[in-house]
Amino acid sequence: MSTLPNPAPLVTQANEAFWAATAEGRFQLQRCNECDTVLWFPRRHCPSCWTENVSTFDASGKGVVYSFTIVRKGAMLYKEAGPFVIAYVELEEGPRVMTNIVECDVETVKVGMPVEVVWHDTEKGNALYRFRPTV
Amino acid sequence: MSIRGAAYIAGIYEHPGRDLPDKTVWDIHIDVALGALADAGLDMGDVDALFCDGTAGFGVLTLAEYFNIRPTYVDNTETGGSSYLAHVGHAAAAIAAGKCHVALVTLAGKPKSGWQGPSFSPGPEAAFEQVWGMMGAPHSYALAAQRHMYEFGTTSAQLAEIKVAASIHAQYNPNAFLKNVVTVDDVLNSPMVADPLHRLDCCVVTDGGGALVIVSPEVAKKLGKTNAKILGHGEAVKHTNNGRIDLTHTGAVWSGPQAFAEAGVTVKDINYASIYDSFTITVLQTIEDLGFCEKGKGGAFVADGGLVAPFGKLPFNTDGGGLCNNHPSNRGGITKVIEAVRQLRGEAHEKVQVPNCQIALAHGTGGSLGSRHGSVTLILGQEDA
């Protein structure tokens, strides 16, 4: 199993609420109050109808692997990680989010595999959402 | 209004170097500019429009100063490696509108001997992509390849056929970075970089550059040589679509139909195609998206020498492409246009020259298949095409 670094994300005005919630283990999504679209990544305007009338809710943290790759040799902070998986996970709520698949042999990851969120704390007080095979 | 026939590519130049430690990026810009202008029979003083990507300092401001010219029309369109195909389309439109007569497009970069590339400020997506170790193009393209395999049964051996075809062509190009012919097994036995992409599924990393000169019909006529007529152009941005990215297609599904409609031709009319080949999967998806075969059938299309010039179903990248010849500045778009023009002029190597090449297509894919990219399709033809 890979040991991944936990780099702190680039927190900006646009995403600070999202990352603050990760400190409490909450994966927050936004939903448009006008057209019901679920948004990804966090932003002020609904990208379907461009209203600012959007609200935030806690996502289930469950999804399936939409696609993945096993990175055989990482770079920079991931240089010593060993083979690790970058994936798009399709959340139950719809969005496909980029992430890592962890807590399993990288060779066992498959498209369509059910996964659930796990949190890895960064040194900045927030946490990275990664996914493991559903227990 | 259409740009069909409104402009011609009169000058092309590909820097012969692949490792240029002793030249600056600016030297290379000048070298290729002078090369393409000489090829056209023009000189720097004739240039009234300047095009470059976002990697060249302050873009057209930097280059106009360094070239010491005073263009009346400038364009800094930045769509990654497809930028230069966009520049051609934009130059043709500007010429059609009477804004300029002689447009110069240059690309230069040194990723092999000393990176002097772009430093873009992070976009709003950065915080949700960079933390996962996504630090190279192969990782992103691998995501697209994996999904394509899952949905359509595409195999690594089929992807390898694309590299094999490129290598067959590259053996005839004395400037190609990789001149050795490889087999499907060579590709499959090369180290895995990011599953399912092997090392030989990836393009080369080279220094160098290229330039194009696009001129009005009046100028082309005076030059009195075989020029490539611009028949059609289409461009599109494919992105993550609010977290609903579809990794099985590229923006060519949108840029292709625009270009074909403007040119008034179909895939059956294309004698030669330069298809952006940052990775083998880039070619496979693009061929499907442009309509050379059905979606999902690209694997079968490229098998058994389907891309090998001069007699394959779709002779492609006869210079060896980005996979073997050259990917200057980590951007393969300008060499795609250059080889298409060589084919139309009958100046490709005799072993790979498509007989009576009347209509050629060049397609660029800049950015990443796994997130966002700019797709640009150009269709070029002989004078009477």
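Helices and strands here are DSSP runs, numbered from the N terminus. With that numbering, A:Phe41 sits in the loop between strand 2 and strand 3 of chain A. The model is a predicted one, and A:Phe41 is a useful place to enter it.

Begin with the backbone. The peptide bond that leads from A:Trp40 to A:Phe41 is cis, with omega near 0°. Most peptide bonds are trans. Chain B also has a cis bond, which joins B:Ala309 and B:Pro310 with omega about 0°. B:Pro310 belongs to the loop between helix 10 (298-302) and helix 11 (321-325) of chain B. That loop between helix 10 and helix 11 also holds B:Asn317. The phi of B:Asn317 is positive, about 40°, although the residue is not a glycine. Most residues other than glycine have a negative phi.

Now turn to the interface between the two chains. How many residues does each chain bring to the contact? Chain A supplies 42 residues and chain B supplies 31 residues. Together the chains bury about 3000 Å², and 64% of this lies on carbon and sulfur atoms. On the side of chain A, the residues that lose the most area to chain B are A:Phe41, A:Tyr66 and A:Met98, which together make up 21% of what that side buries. A:Phe41, with its cis bond, is thus part of the interface as well.

Polar links also cross this interface. Between chain A and chain B there are 19 residue pairs in polar contact, counting pairs with both residues at pLDDT 80 or more. Several elements of chain A give two or more residues to the side that touches chain B, among them helix 1 (16-22), strand 5 (84-91) and strand 8 (127-133). Strand 4 of chain A provides the largest share, six residues. By class, this side of chain A has 29 nonpolar, seven polar and six charged residues.

Side chains of opposite charge can pair when their charged atoms come close. Across the interface there is one salt bridge. The side chains of A:Arg72 and B:Asp195 meet in a salt bridge, at 2.7 Å from N to O. Over all chains, the structure has 27 salt bridges. One of these joins A:Arg26 and A:Asp58, at 3.2 Å. It links distant parts of the chain: A:Asp58 is in strand 3 (residues 54-58), while A:Arg26 is in the loop between helix 1 and strand 1 (28-32), 32 residues apart.

Finally, consider the empty spaces. The structure has one cavity of 30 Å³ or more. The volume of the largest cavity is about 90 Å³. Which residues line the largest cavity? The lining includes A:Trp40, A:Phe41 and A:Met98 from chain A, and B:Glu125, B:Phe128 and B:Thr240 from chain B. Strand 6 of chain A gives the most to this lining, with three residues. The lining of the largest cavity is made up of six nonpolar, two polar and three charged residues.

The second largest pocket holds about 280 Å³ of space. It is lined by 16 residues, and the closest to its centre are A:Ala14, A:Ala17, A:Gln30, A:Pro42 and A:Arg43. Helix 1 and strand 1 of chain A are the elements that give two or more residues to the lining of this pocket. Its lining residues divide into eight nonpolar, five polar and three charged.

Methods: Residues numbered from 1 in each chain as written. Chains lettered and ligands numbered in written order. Predicted model: local features only at pLDDT ≥ 70, side-chain atom pairs only at ≥ 80, totals over all residues. Heavy atoms only, no water. Contact = heavy atoms within 4.5 Å. Buried area = accessible area lost by both parts, 1.4 Å probe. Salt bridge = Lys/Arg side-chain N within 4 Å of Asp/Glu carboxyl O. Polar contact = N/O pair within 3.5 Å; in protein donor to acceptor, adjacent residues only side chain to side chain. Helix = DSSP H or I, 4+ residues; strand = E, 2+ residues; numbered from the N terminus. Nonpolar A, V, L, I, M, F, W, Y, C, P; charged D, E, K, R; others polar. 1 Å grid on protein atoms, 1.4 Å probe; cavity = no way out; pocket = protein on both sides within 12 Å on 5 of 7 lines; lining within 4 Å. Points joined across faces, edges and corners; volume = space filled by probe spheres on them.
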